[in-house]
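Here's a quick tour for anyone just getting started with protein structures. Have a look at the picture first, then read on.

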Amino acid sequence: MSSELYQQLLATTTGLLLLTAVLQVWGRSTVRAIGLLVIQGTALAGLVLTVGVQAGEAAAPLVAGLLFVVKALVMPWVMLRSARLIGVTRERSARLRPAVELIGAAGLTLLAYAVSGPILGDTTDPATRAVPVGVSLVLLGFWQLLIRGSAITQLVGFLMLDNGIAAISSLTSGGLPLVVELGATLDVLLVVLILGALVVRMQAEEGHIDISELRELHD
Amino acid sequence: MTIESLAVIVIHLALAVTLTPVLIGVMRTTRARLEGRVGGGVWQPWRDLRKLLSKQPTRAPGSTPVLTLAPILLMASSLMLCALIPLVSTVALPGVPGDLFVVVGVLLLGTVALALLGLESGTAFGGMGSSRHMVIAALVEPTVLLSIYALSVPAGTSALAAIVQARLADSASLLNPVSLLAIFALVVVVIAETGRLPVDNPSTHLELTMIHEAMILESGGRDLGWLELGSWLRLTALLGVVANLALPWGVGQDAAPLSLLVGVAAITVKLLVLGAALAAAEVFIAKLRLFRVPELLAGSFVMAFLSVSASYLVF
Amino acid sequence: MAALIWIPLILPLSLALVSSLRQRSSWTLWLPVSAAGVLLGVGVGLILAVGSDGPLTTGAGLLRVDALSAWMLTVVGAVAVVALWGGIPHRTGRSRNIGTFATLLCLFLAAMTLAVVADNIGLMWVAIELTTITTAFLVGSRGGHGALEAAWKYVVLGSMGVAIAFLGIVLISAASRTSGEPSLSWVVLLAHAGGLDPSLVRAGAALAVLGFGTKAGLAPTHSWLPDAHSQAPATVSGLMSGVLLSVAFYAILRVQAIADAAVGPELMRGVLVTAGLLSLAVTAGLVITQKDFKRLLAYSSIEHMGLLALGAAAGGPLAIAAVLLHMLGHGLVKSSMFVLAGRILGFTGSHQIADVRNLLRRRPDLGGPFLLGAAALLGFPPFVTFFTEVAIIVAGFQRGLGWQMGLACALLLVVFAGIARHSLGMTVGAQPDLDAARTSPAPPDQPARFRQVPIVLALGASAVVGFAAWPLTGPLIAAVAALGGVR
């Protein structure tokens, strides 16, 4: 792969990751957020493939294919099924004003760029220079978990966080050993399945999926 | 003023004026076909325009010269916009470069002309439309500035032509995080500024939901014709900026006849495809409640802001 | 001998398969107990084997048992035997989905074993995340609003914490790129610690400790723990408190060893002291006014994890050996306490401390062990927790954590007062309403000698180990050495 093409692909995939993350914080429709997860998963798989092929790893297409199937197809499908099953396609209430949410998201992205610099040091490697995008995904995922009440949107935030970590892993270390990648992907898939089942159960037992209404246990 | 840049400007203006009604026609036809209607055909806006321009305007007694001047001002600002924006070629006018700030200023001039016209008519709807238009304009301008500014950081200049040239030279920067965020923000504000769905419905007949249409409700004849053409030209210019920033291929870099020809063909294709895509997307979108429009524009502002900061921090 | 490692991995998996096939049979409940028993046996066998031959490696280098892993396996096995055996419900109180319950418990044991024997931070992470998955349904299995809420919080917070740990692992893996061959193996990382990129290791280790600290119930990310422990069935609470928290803490110890070797002990010491003191403070603040006895036990777990963090922060052979021994003592006592709490819940039908009075008179088979267990949790002398707590505090003073240990002692006193007050109230406190006692239904859950055996064994062992520790000295010293020796 020529260096120019490599840089172009890196820039495109990381750009898509950041764009979808900001759009997920911006939007209120859960169905659209899940749709954005498909794009995000595809971009992540593309990123892993790009970095892996550039580094000459034989397992890269396998890992990328697995990521694509799990993160861009299976997980969104599971979540969409849960959302359809309980008939919730939109966020009901906002805890914060939309402007505050967005300003927070902008601040976190800036923070991601600010903290990644000192940790990574001075580098000319294009992959390492794109790490802040992964860090912003992680922070925006946390932000989503923090500000959103709906269980499904929280799940989307969790997946954004996970995609961010996968992106950082691919960008900094060129991916982890195959066993670990397989195990980690499987684990996240299982977590999503469990949370999806819990969401359906929550709707059946409580009649809503608003996390902020869960206040029975406290001290 | 060299002869080359003069030629380029003439081509820009001629292209804009001839292409704009076709663009509107294509957009309307696309939408009509997707909605299962036949539509008026691609040339209908041309015929409408010709008919309107040949008619005497009716002006209410006691109206001020604003009623006469606003359409001319809008038309003039739109033409100037088309001349400044690198639609066909990046050859710039010496002395008056197509600077980002100049472009936004000229854009605002047209906005103000329209708003004054709405107020001048003295009816409830006109004033309402003007106030809504100004709200949107106030939210749109900073985003336009910021998002193009983000793209101007790697180029090192705020002249639009130079930015397009730099993006043409460095194709790796076309899809990086900075430019993706900036282009997305720009698309949102262009939609808002030109009064398309989901911000404003250009084909509405319900006065209460109108923004753009409410302001020109009282105009007729030649005045209306100029107003329509002026607003359409703004759409052409803004879409052209987005198209050439996102996909700069085909823009001429000199005034040689061949490159101008390629440039004309490229921008025509880009504009028509982009317009058709916009119209197709509009079929699936419902109009946003007015109170949620600031939310939408705040989002695009944040994206533009992010892209500016990202452009300083990494790329 | 390396084949021994595979037994505790494969046996629970096959037992899980069996119990998932025989959903309705009540004997499947004994399968996890037998798996835990085998785990304990294998742990002891591995301690002996490692003691004579040195570390064992198998599975293409992914699995490795050194003295520390063998010790942890033994702890996991011993605690799991107590929790699972004691937690077998009485014949009258059995639900219909016994098989599923047993399956998940077996899978949990397999995951815990994998976490302990993996010689790869990534694989260990996968195993720890698997424990979240297997326990998620166990926490929520009781049904109802509270259990659902607890399960949701547990899974979201748990997997989020573990995700942060994964980020840390990714950064550590990136740091290893500068030392030549990128690797996630403990041994390789520890051997090449000097060549790791310092700033990446710093960030990675801090994130990994924060993430695993969430799983270990360390403040400030402890909030899932009281909810999950109070809502889960007794067995599961006991397992989580005695096994899961310890294994998560084991991960912290391993990460700490690498970070200390790479960038010096100051970073980890700061992080762990902060987490430890915060945990103690959280417990001290909430234990006095606690109304729910299962939550009381859960907060006591947070306190003990905080103590372990302080011990790990102090470092050195004395403190680390005390930490490892404390894991065993605390695990045994806490799992039997949760088992007892489950039986008290079955007897009184209430979570409230105020509803449980005069237990020593009304149900001596519950009240007696409960009082003794509470004494052990508080660190009264015959029990091993006394010795380990003293050792941790002394080691802290020796290694320059003077004011921190002073503060810890003050907080421990507050916790002591709170837990002592509540447990004395539950066991010997006067019945406020005698009518209620008379009209309360006859105890459905008659004392059976057999069901007392694990609790007596656990409390007995924790009382004896403190004095007769000589057989454990060798393995403990070897385990400390496996962590990089004297630091």
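What follows is a short briefing, grouped by topic.

Keep in mind that this is a predicted model. Two pairs of chains are in contact, and chains A and C share the most contacts. Chains B and C, on the other hand, have no contact joining them.

**How the chains meet**

- Let's start with the pair that shares the most contacts, chains A and C. Chain C puts 35 residues into this contact, and chain A puts in 34.
- On the chain C side, the elements that give two or more residues are helix H5 (121-139), helix H6 (144-175) and helix H8 (198-215). H6(C) has the largest share, with 18 residues.
- What kinds of residues does chain C use to touch chain A? That side divides into 24 nonpolar, seven polar and four charged residues.
- Next up is the contact between chains B and A, with 19 residues from chain B and 24 residues from chain A.
- Here the elements of chain B that give two or more residues are helix H7 (177-193) and helix H11 (293-313). The largest share of that side comes from H11(B), which supplies ten residues.
- By type, the chain B side breaks down into 14 nonpolar residues, four polar and one charged.
- How far apart are the closest C-alpha atoms of chains B and C? They lie 19 Å apart.

**Chain A as a whole**

- Chain A has eight helices and zero strands, so its pattern along the sequence reads α-α-α-α-α-α-α-α.- The radius of gyration of chain A is 18 Å, close to the 17 Å that the globule rule gives for 219 residues, so chain A is as compact as a globular protein of that length.
- Taken along the principal axes, the box filled by the C-alpha atoms of chain A is roughly 55 × 35 × 35 Å.
- Of the 219 residues in chain A, 54% are buried.
- Look at contacts in chain A with a separation of 6 or more: 75% of them come from residues 24 or more positions apart.

**One helix in chain B**

- Helix H4 of chain B covers residues 100-120. At 1.5 Å a residue, its 21 residues should span 30 Å, and the end C-alpha atoms are 30 Å apart, which agrees.
- Plenty of names turn up on the list of buried residues in H4(B), including Leu100(B), Val103(B), Gly110(B), Leu114(B) and Glu120(B).
- Which elements help cover the buried residues of H4(B)? Among them are helix H3 (66-84), helix H5 (124-155) and helix H9 (221-246) of chain B.
- After H4(B) comes Gly122(B), with a positive phi near 80 degrees.

**Domains and core in chain C**

- Chain C is divided into domain 1 (1-119), domain 2 (120-263) and domain 3 (265-487).
- The C-alpha centres of domain 2 and domain 3 of chain C are 22 Å apart. Their contact takes 35 residues from domain 2 and 33 residues from domain 3.
- On the domain 2 side, H8, helix H9 (224-231) and helix H10 (234-263) of chain C each supply at least two residues. H10(C) gives the largest share, 18 residues.
- That domain 2 side divides into 22 nonpolar, eleven polar and two charged residues.
- The largest nonpolar core has 378 residues, and Val76(C), Ala80(C) and Val247(C) have the most contacts inside it. The largest share of this core, 22 residues, comes from H6(C).
- What does Val76(C) touch, leaving out residues up to four places away in sequence? The answer is Leu39(C), Met112(C), Val116(C), Val243(C) and Val247(C).

**Backbone oddities in chain C**

- First, some background: most residues other than glycine have a negative phi, and most peptide bonds are trans.
- The peptide bond from Ala219(C) to Pro220(C) is cis, with omega near 5 degrees. Pro220(C) sits in the loop between H8 and H9 of chain C.
- Ala60(C) is not a glycine, yet its phi is positive, about 55 degrees. You'll find Ala60(C) in the loop between strand S1 (56-58) and strand S2 (63-65) of chain C.
- Is Ala60(C) buried or exposed? Ala60(C) is exposed, because just 7 other C-beta atoms lie within 10 Å, and the cut-off for exposed is 12 or fewer.
- Asn358(C), also a residue other than glycine, has a positive phi near 55 degrees. Its place is the loop between helix H13 (316-348) and helix H14 (359-362) of chain C.
- With 18 other C-beta atoms within 10 Å, Asn358(C) is partly exposed.

How values were computed: Residues numbered from 1 in each chain as written. Chains lettered and ligands numbered in written order. Predicted model: local features only at pLDDT ≥ 70, side-chain atom pairs only at ≥ 80, totals over all residues. Contact = placed C-beta atoms within 7 Å. Helix = DSSP H or I, 4+ residues; strand = E, 2+ residues; numbered from the N terminus. Nonpolar A, V, L, I, M, F, W, Y, C, P; charged D, E, K, R; others polar. Expected span 1.5 Å × (residues − 1). Buried ≥ 20, exposed ≤ 12 C-beta atoms within 10 Å, placed from the backbone. Rg over C-alpha atoms; globule rule 2.2 N^0.38 Å. Domains from an automatic or database assignment. Core = buried A, V, L, I, M, F, W, Y, C linked by C-beta atoms within 7 Å.
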